[in-house]
Amino acid sequence: MAKSLSGAGLRGQVAGKTALSTVGKSGSGLTYRGYDVKDLANHCEFEEVAYLILKGKLPNKGELAEYKAKLKSMRDLPAALKEVLERIPKDAHPMDVIRTGCSMLGNLEMENDFSEQEAVTDRMLACFPSIICYWYRFSHDGVRIDTTTDDDSIGAHFLHMLHGEKPRELHEQVMHVSLILYAEHEFNASTFTARVCASTLSDMHSCITGAIGTLRGPLHGGANEAAMEMIEGFTSADDAEEKMMGMLERKEKIMGFGHAIYRESDPRNEIIKGWSEKLSKDVGDEVLYPVSVRCEAVMWREKKLFCNADFFHASAYNFMGIPTKLFTPIFVMSRLTGWAAHVMEQRADNRIIRPSAEYTGEELRSVTPIDQRD
Ligand SMILES: CC(C)(COP(=O)(O)OP(=O)(O)OC[C@H]1O[C@@H](n2cnc3c(N)ncnc32)[C@H](O)[C@@H]1OP(=O)(O)O)[C@@H](O)C(=O)NCCC(=O)NCCS
């Protein structure tokens with residue numbers, strides 16, 4: 001007989017095996033293939049970490065150069081995809097745009113069999129920033145941008161297309177760190193979606209499209225946007241404290257705080273907080289960073305709740321001039337690596353994921369003929 005659930009949300013249940021990451025266990029609390037995320041964020045570029053997650057080892061210089069050159073050559077979009085993007089309205093949510101973009105790509109460049117899984121993943125990694133920015137710049141500025149920049153990294157390519165000029169080194173560096181921090185996180189909701197889809201032997205684009213839809217929600221990836229909307233409504237640290245106390249009294253959820261697995265801190269927070277502070281000084285900000293720091297202090301003091309990866313990402317992205325509604329799609333550009341690696345891992349040792357449910361409905365009954373029903 002199936003065991004009854006001890007709690008909602010499958011919390012604490014082991015739902016499968018992975019060699020990709022650990023959350024809340026060794027090192028600082030998050031490891032990718034045995035490396036501490038802090039170590040990776042301090043010493044690597046995002047492309048090195050993507051290579052590690054997808055191929056199982058850190059690349060040497062030659063392998064990294066080859067990988068980056070390959071990704072660079074795959075940035076352009078097919079004309080049919082550009083046509084679709086041009087038809088999506090300006091007020092669409094960019095997460096819906098990237099979901100559609102991914103799905104459309106699957107129609108145009110389908111994964112014919114699993115031997116193509118690495119190639120289709122590389123293609124998505126290379127062109128997701130192009131999809132987001134092509135739509136954004138066309139719908140908001142009326143321009144058809146060139147999606148084949150010669151920038152060295154995925155993060156720089158994204159910022160270049162978004163702002164129409166090569167990004168500063170500081171911003172490229174922050175993008176590397178941000179994309180590393182978001183790259184992989186064990187059996188979170190979107191990754192689990194991707195694995196469930198993979199377990200039916202579906203194609204890579206379907207797995208990733210489903211994961212994007214799951215990431216979209218404010219309890220998951222959408223939290224960085226919700227955090228931004230909150231902090232930009234505060235005029236000072238004191239104003240933030242007063243308003244947050246009211247929110248807590250009304251038992252409102254504060255986005256960017258708390259975590260399903262971490263209990264005392266999210267290791268990603270310390271890293272992105274440091275970069276947010278650096279960017280704050282760089283732009284001469286006197287509001288957003290002090291407001292964010294006060295929010296963190298109030299939440300810890302009142303609720304023992306800590307900032308997760310999303311909270312200081314909000315101010316960091318804002319300081320780099322990234323529009324709030326593009327925050328979650330950046331998460332997609334990065335987490336794609338984790339999702340695809342999980343799909344490959346699932347495929348390598350697959351059994352269809354099909355749990356059971358604890359039935360809470362009516363006892364067995366028979367159908368009353370329609371003319372005798374109330
Ligand atoms: C991440 C999240 C979904 C985890 O949910 P969870 O595992 O159910 O959370 P917990 O079991 O730790 O919650 C314990 C208590 O703290 C409260 N809590 C958790 N996060 C909270 C938050 N951000 N604001 C206010 N209260 C919060 C819960 O409501 C719960 O209270 P209750 O016992 O009175 O119901 C949740 O913390 C949340 O909604 N955070 C905001 C969204 C967010 O930032 N998501 C990004 C995650 S990386």
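**Close-up views of the ligand site and the β-sheet**

**View A. Backbone and side-chain polar contacts of the ligand.** In this predicted model, a nitrogen atom of the ligand lies 2.9 Å from a backbone N or O atom of F257. Taken alone, the ligand exposes 870 Å², and 62% of that area is buried by the protein. For G256, a backbone N or O atom is placed 2.8 Å from an oxygen atom of the ligand. R11 contributes through its side chain: one of its polar atoms lies 3.0 Å from a ligand oxygen atom.

**View B. The shell of residues around the ligand.** The ligand is surrounded by 19 residues. The closest of these are K253, I254, G256, F257 and N308; G256 and F257 also appear in View A, each with a backbone N or O atom beside a ligand atom, at 2.8 Å for G256 and at 2.9 Å for F257. By residue class, the shell comprises 9 nonpolar, 5 polar and 5 charged members.

**View C. The open three-stranded sheet.** Strands β1, β2 and β3 follow one another in the order β1-β2-β3 and form an open sheet with antiparallel pairing. The edges are formed by β1, residues 21–23, and β3, residues 35–36, each of which pairs on one side only.

**View D. The pairing of β1 with β2.** Strand β2 spans residues 30–32 and pairs with β1 in the antiparallel sense over 3 bridges. Within this arrangement, S21 stands opposite Y32 of β2.

Key: Residues are numbered from 1 along each chain as its sequence is written. This is a predicted model: local features need pLDDT of at least 70, side-chain atom pairs count only at pLDDT 80 or more; totals for chains, interfaces and linings use all residues. Side-chain values use heavy atoms; hydrogens and water are left out. A residue is near a molecule or strand if one of its heavy atoms lies within 4 Å of it. A polar contact is a pair of N or O atoms within 3.5 Å; within protein, one must be able to donate a hydrogen and the other to accept it, and residues adjacent in sequence count only if both atoms are side-chain atoms. Accessible areas come from the Shrake-Rupley method with a 1.4 Å probe; for residues, only the protein chains shown count as cover. Ala, Val, Leu, Ile, Met, Phe, Trp, Tyr, Cys and Pro count as nonpolar, Asp, Glu, Lys and Arg as charged, and the others, Gly among them, as polar. Two strands pair if DSSP finds at least two bridges between them. Helices (H or I, at least four residues) and strands (E, at least two) are DSSP runs, numbered from the N terminus.
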